[in-house]
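The following exercises are to be worked with the sequence and the coordinates at hand. Each task is followed by a solution in steps.

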Amino acid sequence: MNYYATRDRDSGEDANPGGPVSERALNAGTLAFQGDLGTSSELEPGRLAVAAAVAGGLYKAQDGPLGQVLDDVIVVEGLTERIEKLATIDDAASGGVDYAEYEDGFYDEAGERVGTVEGTAVVLTYTPHMWQYHSSVTTFEDGTFETSGVIDCTAILSGMTQVLQVRGTSGRYAGKQGFMTLTLHDHEQRPPLYRTTFVMA
């Protein structure tokens, strides 16, 4: 099979035999903008769990149906992240970058505080979008994990979801890896609230 070709989902046959790029791949960009994108790009937790299963080596695309693979993926969803402490240092005038230290709380759907996160953010650029590098440690009663990654803050404020990497360090999460999503939840709050999901395998 040509490296850039794809197999038909149902028949297993090459969808575009001999072609350098499959029709599906060629049309992906156009198809994405045919519908209403809406105001949020939040990723459904089950789909994010598939990514964690692949990253953790539990599943390969060529393995076929997922079966019970996702049963082994830790999924923590329905959390609201609230900024509780935030200190910033503005070095932009001297040619440096902005830097922030923060402490956030994670709240479940009942409004109970179930976890904390302590981290730092470094502004990489302000234009045309604000990009930041984040690094943090999250603590729940059943363990801890580290989160890191580069996020587009301008996209978040437009309702777009950002995905960061997580690495388990203790308790239930020790030795596992996966992803965290960050989506604006309530922009009218000062500071705004965010919706988060964690998956690890």
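**Exercise 1.** Determine which side chain makes a polar contact with the side chain of Thr-183.

*Solution.* The side chain of Thr-161 is the partner, at 2.7 Å. A polar contact here is a pair of N or O atoms within 3.5 Å; within protein, one must be able to donate a hydrogen and the other to accept it, and residues adjacent in sequence count only if both atoms are side-chain atoms. The model is a predicted one, in which local features need pLDDT of at least 70 and side-chain atom pairs count only at pLDDT 80 or more, while totals for chains, interfaces and linings use all residues. Residues are numbered from 1 along each chain as its sequence is written, and side-chain values use heavy atoms, with hydrogens and water left out.

Next, place the residue: Thr-183 belongs to strand 7, where helices (H or I, at least four residues) and strands (E, at least two) are DSSP runs numbered from the N terminus. Thr-183 counts as buried because its relative accessibility is 1%; buried means under 20% relative accessible area, exposed over 50%, and partly exposed in between (1.4 Å probe, protein chains only). Finally, the C-alpha atoms of Thr-183 and Met-160 are 6.5 Å apart, although 23 residues separate them in sequence.

**Exercise 2.** Establish how the strands are arranged.

*Solution.* Begin with the inventory: the protein chain has three helices and eight strands, in the sequence pattern α-α-β-β-β-β-β-α-β-β-β. The eight strands close into a barrel in the order 1-2-3-4-5-6-7-8, with antiparallel pairing. From one strand to the next, the twist averages 30°, with axes fitted as lines to C-alpha atoms (for helices over the stretch in contact) and angles running from 0 to 180 degrees between N-to-C directions. Then inspect the closure: strands 1 and 8 run antiparallel and are joined by seven bridges, and two strands pair if DSSP finds at least two bridges between them. Thr-80 stands opposite Arg-195 of strand 8.

**Exercise 3.** Is Tyr-133 buried, partly exposed or exposed, and which residues does Tyr-133 touch?

*Solution.* Tyr-133 is located in strand 4. Its relative accessibility is 35%, so Tyr-133 is classed as partly exposed. Leaving out residues up to four places away in sequence, Tyr-133 touches Thr-120, Ala-121, Val-122, Leu-124, Ser-148, Gly-149 and Val-150, contact meaning heavy atoms within 4.5 Å. For Thr-120, the C-alpha separation from Tyr-133 is 8.2 Å, at 13 residues apart in sequence.

**Exercise 4.** Identify the residues with the most contacts inside the largest nonpolar core.

*Solution.* A nonpolar core is a set of buried Ala, Val, Leu, Ile, Met, Phe, Trp, Tyr and Cys residues joined through side-chain atoms within 4.5 Å. The largest one has 19 residues, and Phe-140, Phe-145, Tyr-173, Leu-182 and Phe-198 have the most contacts inside it. Among the elements giving two or more residues to this core are strand 1 (74–89), helix 3 (153–157) and strand 8 (193–200). Beyond its neighbours within four places in sequence, Phe-198 is in contact with residues including Ile-74, Leu-79, Phe-106, Phe-140 and Val-166.

**Exercise 5.** Locate the cis peptide bond at Pro-128.

*Solution.* The bond joins Thr-127 and Pro-128, with omega about -5°. Pro-128 lies in the loop between strand 3 (113–125) and strand 4 (131–140).
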